[in-house]
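Here's a quick tour of how this chain packs its inside. Have a look at the sequence and the model before reading on.

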Amino acid sequence: MIVANTKLLKTERVKRGLSKTDLAKKLGVNHSVIVRVEQAKGTSPRTAKAICDFFNLPFEELFTIVEQSSGR
C-alpha cells in the first residue's frame, strides 16, 4: 500500500492555496481520492505519481510503501 506523508502533503497543498477539491480537479481525480490520501488510507501508484509530479517532489519525500498484512 502506498501511504502519504500527510503532514508534508497538506503543507504543500496549503502553501499553494489549494483546497482538497482544487487539487483533485488539477489532478483529474475525485475529491474523495485526495481526502483518502491525506488521511493516510493509501492510494494508487498512478495517483501518487501525479501528486509527486504536481508538487515536483520525489516519491520518497511524499510517500512510503507499506506492507499489508494478508490476515491469513
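Is Phe63 buried or exposed? Phe63 counts as buried, because its relative accessibility is 3%. Keep in mind that this is a predicted model.

Phe63 also turns up in the largest nonpolar core, which has 16 residues; those with the most contacts inside it are Leu9, Leu23, Val37, Ile51, Phe55, Leu62 and Phe63. Strand 1, helix 2, helix 3 and helix 4 each give two or more residues to this core, and the largest share, 4 residues, comes from helix 4. Val37 is a handy one to click on: leaving aside neighbours within four places in sequence, Val37 touches Ala4, Thr6, Leu9, Gly42, Thr43, Ile51 and Phe63.

Now for the rings. Searching the whole structure turns up 2 aromatic pairs:

| Pair | Centre to centre | Angle between planes | Type |
|---|---|---|---|
| Phe54 and Phe55 | 5.0 Å | 85° | edge-to-face |
| Phe59 and Phe63 | 5.6 Å | 25° | stacked |

Phe55 is buried at 3% relative accessibility, while its partner Phe54 is partly exposed at 30%. In the other pair, Phe59 is partly exposed at 28% and Phe63 is buried at 3%.

Then there's helix 1 (residues 6-15), where Leu9, Glu12 and Arg13 are buried. They sit on the same side of helix 1 because they cover an arc of only 100° around the axis. The buried residues of helix 1 pack against strand 1, helix 2, helix 3, helix 4 and helix 5. On the face turned away from that buried side are the exposed residues Lys7 and Lys15. After helix 1 comes Gly17, with a positive phi near 70°.

Technical notes: Residues are numbered from 1 along each chain as its sequence is written. This is a predicted model: local features need pLDDT of at least 70, side-chain atom pairs count only at pLDDT 80 or more; totals for chains, interfaces and linings use all residues. Side-chain values use heavy atoms; hydrogens and water are left out. Buried means under 20% relative accessible area, exposed over 50%, partly exposed in between (1.4 Å probe, protein chains only). The arc is that of the directions from the helix axis to the C-beta atoms. Contact means heavy atoms within 4.5 Å. A nonpolar core is a set of buried Ala, Val, Leu, Ile, Met, Phe, Trp, Tyr and Cys residues joined through side-chain atoms within 4.5 Å. Rings of Phe, Tyr and Trp (its six-membered ring) pair if their centres lie within 6.5 Å; planes under 30 degrees apart count as stacked, over 60 as edge-to-face and the rest as tilted.
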